[in-house]
Amino acid sequence: MQNYVDGSLAQEMRSATAEQKVDALFNYMEERGQSFYDEVVTQLEHALQCAALARQNDASPTLITSALLHDLGHFILDEHNADTAFLAMDLNHEEIGAEYLAPFFPEIVTTPIRLHVPAKRYLCATDAAYHDGLSEASKKSLIVQGGVMSGEERETFEQIPHFQDALTLRQWDDLAKVKGLEMAELETYRNVVQQCLS
Ligand SMILES: [Fe+2]
């Protein structure tokens with residue numbers, strides 16, 4: 001793992017009980033989630049809106065947990081304090097977040113996190129309306145992320161267990177950017193997240 005990843009959360013979770021792990025995770029998200037995800041919502045608001053969409057759609061506990069934690073890579077990368085050279089790069093927050101959480105959560109939770117960026121590339125290939133509905137920023141980042149998936153890439157993607165969860169998560173991710181939306185707080189997800197720990 002690159003040295004600009006903040007290892008403090010993982011360190012705190014490593015020797016903790018299940019309850020303490022969730023405490024550490026939630027405290028970290030509260031603390032680090034106040035920076036802006038985009039122009040309208042903070043990182044924490046984005047995570048909570050994504051998880052709320054999962055809950056409203058009767059998603060499984062594992063997919064609700066994926067939704068809540070899908071951008072953890074952004075939190076631990078601390079991109080806002082990073083050198084400007086980093087900002088122009090794609091830091092692979094999806095891989096870094098999934099890898100960071102892998103010691104604590106099963107693959108069914110971490111795979112949708114790992115795949116939520118390729119899922120956008122997949123959906124752009126299979127659904128023109130999906131592509132048209134993306135924000136300008138998201139259309140632009142698609143290019144950095146590798147562009148629309150080829151047929152061969154889609155076939156490979158479909159071989160990955162839980163890839164469908166990643167596609168579903170991606171669509172909530174795109175919707176979870178509503179300014180000033182009232183939503184359930186982090187504590188609402190305590191039991192769901194705790195029961196998903198491996
Ligand atoms: Fe996101």
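Aspartate 58 counts as exposed in this predicted model, because just 8 C-beta neighbours fall inside 10 Å, and the cut-off for an exposed residue is 12 or fewer. As for where it sits, aspartate 58 belongs to the loop that links helix H3 (43–56) to helix H4 (61–69). The backbone here is a bit of an oddity: phi of aspartate 58 is near 55°, a positive value in a residue other than glycine.

A positive phi turns up at histidine 162 too, at about 75°, and this residue is not a glycine either. Histidine 162 is likewise a loop residue, placed between helix H11 (151–158) and helix H12 (163–175). Its surroundings work out as partly exposed, because histidine 162 has 19 C-beta neighbours inside 10 Å, while a buried residue needs 20 or more.

Leucine 72 brings the picture round to a helix. This residue lies in helix H5, which covers residues 72–77. Leucine 72 is buried, because 25 other C-beta atoms lie within 10 Å and the threshold for burial is 20 or more. Which residues does leucine 72 touch, leaving aside those up to four places away in sequence? The contacts are Gly97, Tyr100 and Leu101. Take the pair with tyrosine 100: leucine 72 and tyrosine 100 stand 28 residues apart in sequence, yet their C-alpha atoms are 8.6 Å apart in space.

Technical notes
Residues are numbered from 1 along each chain as its sequence is written. This is a predicted model: local features need pLDDT of at least 70, side-chain atom pairs count only at pLDDT 80 or more; totals for chains, interfaces and linings use all residues. Helices (H or I, at least four residues) and strands (E, at least two) are DSSP runs, numbered from the N terminus. Two residues are in contact if their C-beta atoms, placed from the backbone, lie within 7 Å.
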